[in-house]
Amino acid sequence: MDSYRKLEYNQIIQIIQGYCKTYLGKKLSFQMEPFFSFEKVRISLSKTMEAIKLLYQKGCPPFAELNEMEIPSKALESNQILSAKYLLDLAHLLKVARELKEYFKEEALAISEQEEHTSLLQDYFSTLYANPSIEKEIFDKILDENTISDNASPKLSSLRRNRKNLEQGIKDKLSSLIHSANYSKYLMEPVITIRNNRYVIPVKQEYRSNIQGFIHDISSSGSTVYLEPTSVFEANNQIASIRMEEDIEIEKILEQLTGLLFEILNELNQNLSVIGTLDLLFAKARYAQSYNGVMPILNQEKKIKLIKAKHPLIASDIVVPIDLSLGEDYTSLIITGPNTGGKTVALKTLGLLLLMAYSGIPIPCHEESQICVFDHIFVDIGDEQNIQESLSTFSSHMLHIVQITKEVTHNSLILLDELGSGTDPVEGASLAISILEYFAKIGALVSCTTHYQELKEFALVTNGFENASFEFDVENLKPTYHLLVGIPGKSNAFEISKRLGLSPAIIERASSFIEQDHASIEEVLKNIYEDKITIEKQKEEIQKNLNQVETLRKSLEQDNSYLIQKRQKMLEDAKFEARELLLSAKEEANEILQELTKKQVDIRKANQLRNELNDKIKDLGNSATSVVNSHPLSKNEVEHGLEVWIPSLQNSGTILSNHANKNDTVQVQVGLAKMNLKINELSLMNLSNHSSISNKKYGDSSFEHGKVTTNQNSKAKFISPEINVIGQNVDDAIYVIDKYLDNCVISGISPIRIVHGKGTGKLREGVHQYLKKHPHVKSFRLGTFGEGEMGVTVVELK
């Protein structure tokens with residue numbers, strides 16, 4: 001399409017093709033076209049963003065170059081026996097499909113246990129057909145396109161073994177002949193060679209009658225004849241017969257393998273289609289990854305708001321980002337400014353980024369950028385002068401404008417470069433204003449570049465129109481390529497001429513030719529332009545200062561948090577030490593009491609002392625209580641940042657999710673680790689004081705019938721002999737298990753059960769590796785029947 005060419009969309013296609021790994025993806029890239037449907041654009045972009053996520057998580061999918069499949073596919077359809085090469089090609093197709101399914105399999109398991117996210121890609125990967133048995137059988141029986149394995153069938157193995165025995169017998173006979181004293185003088189050289197698949201020896205021409213046999217070839221010089229002695233004639237015949245049987249057996253093997261593939265012909269064709277689609281999809285993702293492309297916000301309100309948008313074909317180290325909007329405060333944008341200042345590039349950036357987004361390619365802009373989906377993008381850019389058809393620049397442009405006026409709708413975008421140029425300036429400007437008014441009445445969005453003063457003035461006084469210009473550095477006589485929306489551009493002709501050294505008298509004389517009204521407008525525009533630049537610089541400075549203030553605020557908050565934590569730690573340590581002293585005193589009092597009892601001494605006073613110590617320890621234990629009046633967490637109470645208690649870990653955490661997912665799980669941060677836990681494993685808590693959470697680790701003490709009960713008994717009330725880590729990765733699971741084992745050892749609980757599930761076995765293997773090195777683990781084993789079998793590990797603690 002001509003509009004795509006003018007916006008250089010074809011160059012994007014060529015780049016995408018370079019990222020494709022297979023000929024299937026490259027072929028699809030040539031057929032790639034933008035969608036002009038809101039839902040199709042949304043789905044296409046979502047697929048690519050999910051592919052980018054997979055690239056970051058798992059690297060590039062295992063695509064491999066495939067040979068052209070049209071010929072073997074058509075041969076299969078017509079039920080022809082495939083050659084070894086074509087069978088290997090199709091086996092390779094099955095191998096690529098299998099590896100792609102394995103690439104996504106682990107990700108799909110994680111998704112099913114957490115949330116629905118990559119369902120769009122899952123449809124593609126699940127559609128791929130893999131058949132490891134057929135794949136293996138072909139690769140086992142065919143070593144390369146010219147070699148069938150000896151083990152391809154028992155008969156082939158037997159035939160080749162017999163042939164090799166016969167060949168060895170022939171070689172032995174001929175070897176004794178060429179090394180014998182009687183015959184060696186007749187030979188050109190003492191070697192055994194093959195002619196017409198028969199073993200022969202090189203005999204001198206003059207002695208050929210001295211050895212009985214059959215001549216199969218003569219050297220180019222005629223001095224050597226290649227003779228088959230009669231002593232090996234029969235053996236050579238037997239080898240020739242075996243070779244014929246081998247060929248028949250190989251044909252049967254190829255036929256049998258072809259039959260296996262014929263049964264899955266539809267699945268093979270489906271693999272070709274899906275692999276090509278996935279290859280193109282990940283090619284888009286890798287391309288977008290190269291410039292940190294984002295999925296813009298899609299709206300159905302016919303509004304465009306590009307923030308820090310970059311032209312994708314300009315080198316990243318020189319491209320200048322622009323902010324450009326249409327459809328909200330105005331529907332037509334008139335861009336003015338000097339030549340080579342960036343006007344045309346701005347139009348191409350807008351049009352090309354939209355085409356890329358409509359093709360499912362994330363675009364180089366800020367993530368808060370917004371776009372809508374038009375039904376058509378019309379473009380008139382560049383000098384389309386056609387000498388052969390006697391069309392001037394103006395006529396060529398006008399032909400395009402005429403065509404646009406016939407096809408434009410209220411949901412179209414029109415990009416016009418130098419509208420009305422190439423003819424009389426007065427008539428051209430008038431025609432340009434009329435055309436812009438026509439498009440505005442229809443309701444189309446328009447972005448237009450121009451040098452005409454009349455268009456600048458028209459935009460200043462007409463609703464729905466807005467001026468924009470590119471900043472020009474007069475001091476250094478070069479454009480900055482910064483787009484300034486809201487002010488018209490200046491020609492800067494006099495200022496530039498003055499800087500270049502033109503006589504002031506000439507410039508002054510030129511100024512006198514400009515009408516006073518026009519000069520006044522130019523002066524106003526100049527003042528607006530300079531004020532706008534000053535405001536933009538001030539805004540940048542203010543934003544910079546705000547960023548510094550925000551950084552400083554966060555730093556102060558972190559410092560304050562650290563001081564609070566340090567103070568709480570000191571209080572906890574002091575309470576712990578006091579408690580230890582009281583417990584020590586209690587033990588001494590009990591020992592003294594027992595000693596007094598043995599000696600039959602009045603112990604009323606000693607009992608009183610012990611009771612006082614009991615009361616003190618109880619008071620201190622109450623002050624160190626971690627959680628008071630905790631109750632189970634309900635689904636409606638889940639919110640981001642909520643502090644919760646985790647009884648299985650005897651620790652607190654912070655909820656990171658905004659709501660529970662379909663499996664009733666939420667993401668919780670415990671210390672430095674993040675883990676997914678079910679809601680019924682969490683409790684709401686009311687803290688008796690800010691330091692109570694950390695005090696929990698020092699334990700709880702109480703007296704029962706004059707006997708000290710340490711936190712071993714109190715923790716045992718809450719600790720289950722089983723912990724479930726299904727759905728967690730190895731690192732998160734080990735963190736949870738480590739805390740759990742410590743609590744079990746302290747509480748004297750053994751044996752315990754770790755439920756990790758069967759799955760792929762990676763979690764089970766990681767847990768077992770950890771248990772082997774744990775100092776408190778005496779032994780461990782997999783569960784037996786009724787215990788959970790492979791999904792459970794039973795651990796005996798020391």
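This presentation goes through a predicted model of one protein chain, from its overall make-up to two helix packings, one further helix and three single residues.

Let me begin with the chain as a whole. The model is a prediction, and its secondary structure comes to 23 helices and 28 strands. Of the 798 residues in the chain, 41% count as buried. Among contacts with a separation of 6 or more, 69% are between residues 24 or more positions apart.

I turn now to helix packing. Two packed helices are described by the angle between their axes and the distance between the axes. Helix α11, residues 265–290, appears in both of the cases I have chosen.

The partner in the first case is helix α2, residues 9–19. Its axis lies 8 Å from that of α11, and the two helices pack at an angle of about 105°. Because an angle of 65 to 115 degrees counts as roughly perpendicular, α2 is roughly perpendicular to α11. On the α2 side, the contact is formed by Ile-12, Ile-15, Ile-16 and Tyr-19. On the α11 side, Leu-280, Ala-283, Lys-284, Arg-286, Tyr-287 and Ser-290 take part. By class, the residues of this contact are 7 nonpolar, 1 polar and 2 charged. A general point may help in reading such lists: an α-helix has 3.6 residues a turn, so residues three or four places apart point the same way.

In the second case, helix α3, residues 23–30, meets α11. Here the axes come within 7 Å and cross at roughly 70°, which means that α3 is also roughly perpendicular to α11. The crossing of α3 and α11 is right-handed. From α3, the residues in contact are Tyr-23, Leu-24, Gly-25, Leu-28 and Ser-29. They meet Leu-272, Ile-275, Gly-276, Thr-277, Asp-279 and Leu-280 of α11. This contact of α3 with α11 has 6 nonpolar, 4 polar and 1 charged residues. Leu-280 is listed in the contact with α2 and in the contact with α3.

Next, towards the end of the numbering, consider helix α23, residues 762–773. How far should its 12 residues span at 1.5 Å a residue? The expected value is 16 Å, and the end C-alpha atoms are 17 Å apart, which agrees. The buried residues of α23 are Leu-763, Arg-764, Gly-766, Val-767, His-768, Tyr-770 and Leu-771. They pack against helix α22 (730–747) and against strands β26 (752–755), β27 (777–782) and β28 (792–797).

Finally, I come to three single residues. Ser-369 lies in the loop between α12 and β11. Is Ser-369 buried or exposed? Its relative accessible area is 0%, so Ser-369 is buried. Leaving aside residues up to four places away in sequence, Ser-369 touches Pro-296, Ile-297, Lys-305, Leu-306 and Ile-307.

Ala-459 sits in helix α15, residues 453–461, and is buried, with a relative accessible area of 5%. Although Ala-459 and Ser-332 are 127 residues apart in sequence, their C-alpha atoms are 8.6 Å apart in space. With the same exclusion of sequence neighbours, Ala-459 touches Ile-334, Phe-465, Glu-466 and Asn-467.

Phe-378 belongs to strand β12, residues 376–380. At 4% relative accessibility, Phe-378 counts as buried. Its C-alpha atom is 8.0 Å from that of Val-408, a residue 30 places away in sequence. Beyond four places in sequence, the residues that Phe-378 touches include Ser-3, Ile-404, Val-408 and Leu-415.

Notes:
Residues are numbered from 1 along each chain as its sequence is written. This is a predicted model: local features need pLDDT of at least 70, side-chain atom pairs count only at pLDDT 80 or more; totals for chains, interfaces and linings use all residues. Side-chain values use heavy atoms; hydrogens and water are left out. Axes are lines fitted to C-alpha atoms, for helices over the stretch in contact, and angles run from 0 to 180 degrees between N-to-C directions. Helices (H or I, at least four residues) and strands (E, at least two) are DSSP runs, numbered from the N terminus. Angles under 35 degrees count as roughly parallel, over 145 as roughly antiparallel, 65 to 115 as roughly perpendicular and the rest as oblique. Contact means heavy atoms within 4.5 Å. Ala, Val, Leu, Ile, Met, Phe, Trp, Tyr, Cys and Pro count as nonpolar, Asp, Glu, Lys and Arg as charged, and the others, Gly among them, as polar. A crossing is left-handed if the near helix is turned anticlockwise from the far one by less than a right angle, and right-handed if clockwise. The expected span of a helix is 1.5 Å times one less than its number of residues. Buried means under 20% relative accessible area, exposed over 50%, partly exposed in between (1.4 Å probe, protein chains only).
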